[in-house]
Amino acid sequence: MSFPLGRPARLAVLASGRGSNMESLAAAFPPGDPVAEVVLVLSDRADAGVLEKARAAGISSEHVPWRDRGSFEAAAQEALVTARIDLVCLAGFMRLLSADFVGRWEGRILNIHPSLLPKHRGLNPHRQALDEGVDRTGCSVHFVDAGMDTGLVVAQRSVPILPGDTEEDLAARVLPVEHALYPEAVRLVLSGAAAS
Ligand code: GRF
């Protein structure tokens, strides 16, 4: 299977937390949109805000418990296949997926990370940027491979780091940029203009 599909793509969002990127994707790709529709939200955490937001938006959602990676991936795969998902979007999903799982979704699984990849991979990217003393940071949407934030970058955008900035300041400056960038990157992938 390759993009473009010639029909609206069915998107799933995997998230562990608040879910503001899921909300922005759902707003960009609502029911009836000719490009895509967010049809499924999965979370490894029962108490994640993203599940509440999905319910409020009328999007089918499911808590898939992380007892171990194998059981999570088996249940997630079944939910994704049952929902006939074309593209998986990780958004604040705080687990590392196996090479096997991401291999099954090669070219059809994206993540957003709040740094200018390949800089500041993994946890606490804003802290890493401040510690390094760089004057810009930002966010990147990339294809997911078996590494931590290592896959091919589809799109990225930068913001300035100002004197006295804290991690919270950076997160607040980058987040609205994430919300604009992720739907743009999804459009690029679905158009066939960006492939892994
Ligand atoms: C975002 O900053 C995302 O880039 C990072 O985790 C945060 C998730 O925020 N991976 P939200 O759950 O989408 O609000």
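Phe-72 counts as buried, because its relative accessibility is 0%, which falls under the 20% limit for that class. The model in which this residue is described is a predicted one.

**Aromatic rings**

Phe-72 also takes part in ring pairing. Two aromatic pairs are found in a search of the whole structure. In one of them, Phe-72 is paired with Trp-66 in a tilted arrangement, with 5.0 Å from centre to centre and 35° between the planes. The angle of 35° is neither under 30 degrees nor over 60, so the pair counts as tilted. Through ring pairs, Trp-66, Phe-72 and Phe-93 are joined into a cluster.

**Ligand site**

The ligand occupies the largest pocket. Around the ligand lie Arg-18, Gly-19, Ser-20, Asn-21, Gly-92, Ile-112, Pro-114 and Glu-178. By class, this shell comprises two nonpolar, four polar and two charged residues. Polar contacts to the ligand involve Gly-19, Ile-112 and Glu-178, as set out below.

| Residue | Protein atom | Ligand atom | Distance |
|---|---|---|---|
| Gly-19 | backbone N or O | oxygen | 2.8 Å |
| Ile-112 | polar backbone atom | nitrogen | 3.4 Å |
| Glu-178 | side-chain N or O | oxygen | 2.6 Å |

Taken alone, the ligand exposes 360 Å², of which the protein buries 84%. Gly-19 and Ile-112 each approach the ligand through a backbone atom, whereas Glu-178 does so through its side chain. On the ligand side, an oxygen atom faces Gly-19 and a nitrogen atom faces Ile-112, while the partner of Glu-178 is an oxygen atom.

Notes. Residues are numbered from 1 along each chain as its sequence is written. This is a predicted model: local features need pLDDT of at least 70, side-chain atom pairs count only at pLDDT 80 or more; totals for chains, interfaces and linings use all residues. Side-chain values use heavy atoms; hydrogens and water are left out. A residue is near a molecule or strand if one of its heavy atoms lies within 4 Å of it. A polar contact is a pair of N or O atoms within 3.5 Å; within protein, one must be able to donate a hydrogen and the other to accept it, and residues adjacent in sequence count only if both atoms are side-chain atoms. Accessible areas come from the Shrake-Rupley method with a 1.4 Å probe; for residues, only the protein chains shown count as cover. On a 1 Å grid over the protein atoms alone, a cavity is a set of points where a 1.4 Å probe fits but cannot get out, and a pocket is an open set with protein on both sides within 12 Å along at least five of seven lines; lining residues have an atom within 4 Å of a point. A molecule sits in a cavity or pocket if more than half of its atoms lie within 2 Å of its grid points. Ala, Val, Leu, Ile, Met, Phe, Trp, Tyr, Cys and Pro count as nonpolar, Asp, Glu, Lys and Arg as charged, and the others, Gly among them, as polar. Rings of Phe, Tyr and Trp (its six-membered ring) pair if their centres lie within 6.5 Å; planes under 30 degrees apart count as stacked, over 60 as edge-to-face and the rest as tilted. Buried means under 20% relative accessible area, exposed over 50%, partly exposed in between (1.4 Å probe, protein chains only).
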